[in-house]
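Me: Got a minute to go through this one with me? I'll paste it below.

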Amino acid sequence: MPFYNISSDCYPYYAFSTRICETTYDDGFLHNEQGHPRAAGTFPRLIDKYVKTGKLSLYDAINKMTTMQAKKLGLSNKGNLSKGSDADITIFSYDEIKDNATFDNPIKKPDGIKYVLIKGSVDLKDGEIVNGKLGTSVRR
């Protein structure tokens, strides 16, 4: 089955052109807790390494991670906080957020993510999954 894939390897090009990688999302895959560290660290890394250093605005980073992805996949109820949307929300501490995943430990949790809500229900609280059955895979 074909899948939508844009690599986080585009990050170094942000300083030169925002058109090289118009969208950003996690293309890392894990199997039995092994795989590429970007499966657990892409979005925190984007904020820590590119937003905090002034290479990209927080608004643009959030847009690339949410709204632009939802539009590309034709998911009108995702990627925004409008009335009638699914209320998928990640609440994080800007000062604390950073990725910790490595090739030796690709599932190491990022710092700074306080809550993840899926369809308005809490899925993650203070880095711990409280209900891992809320999300579903989107295949296009």
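Me: What does S93 touch, not counting residues up to four places away in sequence?
Reply: S93 touches G112 and K114. Keep in mind that this is a predicted model.

Me: Where is S93 found?
Reply: In the loop between β3 (89-92) and β4 (113-118).

Me: Buried or exposed, S93?
Reply: S93 is buried. Its relative accessible area is 17%, and the cut-off for buried is under 20%.

Me: How many bridges do β3 and β4 pair over?
Reply: Four bridges, in the antiparallel sense. In one case, F92 has I113 in β4 as its bridge partner.

Me: What's the strand order in the open sheet?
Reply: The order is β3-β4-β5-β6, four strands with antiparallel pairing. β3 and β6 (128-129) stand at the edges. Each has a single partner strand, so one side of each has no neighbour in the sheet.

Me: Switching to helix α2. Which of its residues are buried?
Reply: A61, K64 and M65, in a helix that covers residues 58-65. These buried residues span an arc of only 95° around the axis, which puts them on the same side of α2.

Me: And L58, which helix does it lie in?
Reply: L58 lies in α2 too. It counts as partly exposed, because its relative accessibility is 33% and that class runs from 20% to 50%.

Me: Which residues form the nonpolar patch on the surface?
Reply: L58, I62 and Y94. Together they have about 210 Å² of accessible area.

Conventions. Residues are numbered from 1 along each chain as its sequence is written. This is a predicted model: local features need pLDDT of at least 70, side-chain atom pairs count only at pLDDT 80 or more; totals for chains, interfaces and linings use all residues. Side-chain values use heavy atoms; hydrogens and water are left out. Buried means under 20% relative accessible area, exposed over 50%, partly exposed in between (1.4 Å probe, protein chains only). Helices (H or I, at least four residues) and strands (E, at least two) are DSSP runs, numbered from the N terminus. The arc is that of the directions from the helix axis to the C-beta atoms. Patches are made of residues with over 30% relative accessible area and no salt bridge: like charges are joined within 9 Å, nonpolar side chains (Val, Leu, Ile, Met, Phe, Trp, Tyr) within 5 Å. Accessible areas come from the Shrake-Rupley method with a 1.4 Å probe; for residues, only the protein chains shown count as cover. A salt bridge is a side-chain nitrogen of Lys or Arg within 4 Å of a carboxyl oxygen of Asp or Glu. Contact means heavy atoms within 4.5 Å. Two strands pair if DSSP finds at least two bridges between them.
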